[in-house]
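Me: I would like to go through the cavity, the ligand surroundings and one loop of this protein. Please keep the answers short.

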Amino acid sequence: MLKKIITLAASAVVVTALSACGGGGDGGADAAGSGDGGGELTMGFAQVGAESGWRSANTKSIQESAKAAGVELKFSDAQQKQENQIKAIRSYIQQKVDVIAFSPVVETGWDTVLLEAKRAQIPVILTDRAVDSDDDSLYETFIGSDFVKEGEKAGEWLVGEAGSDPTKVVEIQGTTGAAPAIDRKAGFEDAIKGSSNIEVVASQTGDFTRSGGKQVMEAFLKSNPDIDVVYAHNDDMGLGAIEAIEAAGKVPGQDIKIITVDAVKDGMTALSEGKINFIVECNPLLGDQLMDAAEKVVAGDELPKRIETEETTFDQEQATAALPDRQY
Ligand code: AHR
């Protein structure tokens with residue numbers, strides 16, 4: 001993991017995330033993709049799904065940016081299934097789009113379909129989530145967050161908050177095998193490893209959904225009566241955990257502290273109300289950067305292999321101040 005962190009850090013180019021994009025429609029769910037606009041460049045985009053508030057904001061950003069850039073977008077929603085994304089990518093290859101972009105549901109298992117795109121001479125851009133492949137010639141660039149760093153920020157906050165108090169943590173992980181689940185877990189573990197008073201007593205996937213977070217938290221509360229902290233890999237699962245904690249007669253944010261990742265409006269509202277204690281930001285507004293990269297790639301320009309978004313963290317006071325201007 002250390003090797004991976006060093007490699008990522010060395011190749012990272014930090015670019016301030018563009019914060020434009022507002023209004024517009026929701027993502028369609030057609031498997032093969034539907035046209036949206038009539039520009040010169042055609043992009044096939046295979047989205048993960050609609051599992052979270054973050055994802056909806058990401059879809060909206062991509063659709064609006066495509067429209068603004070005059071890019072004809074063929075959009076598909078894989079409903080969190082890798083086989084659906086592979087089908088969509090194959091369909092974009094058949095349709096001979098100019099560029100394919102996708103956010104891989106999981107990290108592994110992409111080499112075959114990416115090779116098919118390469119042989120068809122269609123460039124591929126990864127957005128939001130990376131792939132784990134030995135062959136980085138299979139894609140042009142990755143645009144998104146440093147998920148390891150996000151996990152570290154969550155862990156660092158907890159180390160400061162816990163001091164020397166014995167602290168029992170339960171972790172609600174994202175989708176098994178997904179880059180943000182793997183990396184946010186690793187970054188968090190790394191940050192707390194010097195604090196023997198902090199113990200992760202249970203860790204399970206909630207699949208990045210609110211209902212998943214609620215279900216997992218209900219089970220945790222039954223098997224672990226004395227939980228001090230929940231670390232949820234996204235806001236939605238943290239919000240689900242809040243429902244379970246309240247139903248169990250406890251006070252979220254006080255009896256059980258909650259750390260999440262994303263900083264979407266619902267999460268920020270809960271933080272501002274004191275139900276969540278700390279949020280690590282993950283920026284979903286990748287649309288403008290993606291359209292810009294697509295135009296460059298199609299024009300034959302070479303791009304850095306990683307283009308990372310800059311992100312911050314929020315405590316209660318900062319969330320209250322940021323909420324009125326929050327776009328998503
Ligand atoms: O890949 C980004 C993650 O996916 C977001 O943190 C989460 O909310 C989403 O479902």
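The questions below concern a predicted model.

Me: How many cavities of 30 Å³ or more does the structure hold, and what is the volume of the largest cavity?
Reply: The cut-off applied here is 30 Å³, and the count at or above it is 1. For the largest cavity, the volume comes to about 100 Å³.

Me: Which elements give two or more residues to the lining of the largest cavity?
Reply: The lining is made up of 13 residues, and W54, R55, R129, R184 and F208 lie nearest the centre of the cavity. The elements that supply two or more lining residues are α2 (53-69) and α6 (179-192).

Me: How do the lining residues of the largest cavity divide into nonpolar, polar and charged, and which domains each give at least three of them?
Reply: By class, the lining has 5 nonpolar, 2 polar and 6 charged residues. By domain, at least three lining residues come from each of domain 1 (2-144 + 284-310) and domain 2 (147-282).

Me: Which residues surround the ligand?
Reply: A residue is counted here if one of its heavy atoms lies within 4 Å of the ligand. The residues surrounding the ligand are E51, S52, W54, R55, D128, R129, F147, P180, R184, F208, N234 and D262.

Me: How far from an oxygen atom of the ligand is a side-chain N or O atom of E51, and what share of the ligand's exposed area does the protein bury?
Reply: S52 has a polar side-chain atom 3.0 Å from a ligand oxygen, and D128 has one at 2.8 Å. For E51, the distance from a side-chain N or O atom to an oxygen of the ligand is 2.5 Å. The ligand taken alone exposes 280 Å², and the share of this buried by the protein is 100%.

Me: Where does Q79 lie, and what is its phi?
Reply: Q79 sits in the loop between β3 (71-77) and α3 (82-94). Q79 is not a glycine, yet its phi is positive, at about 45°.

Me: What is the phi of Q80, and where is the place of Q80?
Reply: Q80 is a residue other than glycine with a positive phi, near 60°. The place of Q80 is the loop between β3 and α3.

Conventions. Residues numbered from 1 in each chain as written. Predicted model: local features only at pLDDT ≥ 70, side-chain atom pairs only at ≥ 80, totals over all residues. Heavy atoms only, no water. 1 Å grid on protein atoms, 1.4 Å probe; cavity = no way out; pocket = protein on both sides within 12 Å on 5 of 7 lines; lining within 4 Å. Points joined across faces, edges and corners; volume = space filled by probe spheres on them. Helix = DSSP H or I, 4+ residues; strand = E, 2+ residues; numbered from the N terminus. Nonpolar A, V, L, I, M, F, W, Y, C, P; charged D, E, K, R; others polar. Domains from an automatic or database assignment. Polar contact = N/O pair within 3.5 Å; in protein donor to acceptor, adjacent residues only side chain to side chain. Areas by Shrake-Rupley, 256 points an atom, 1.4 Å probe, with all protein chains shown as cover.
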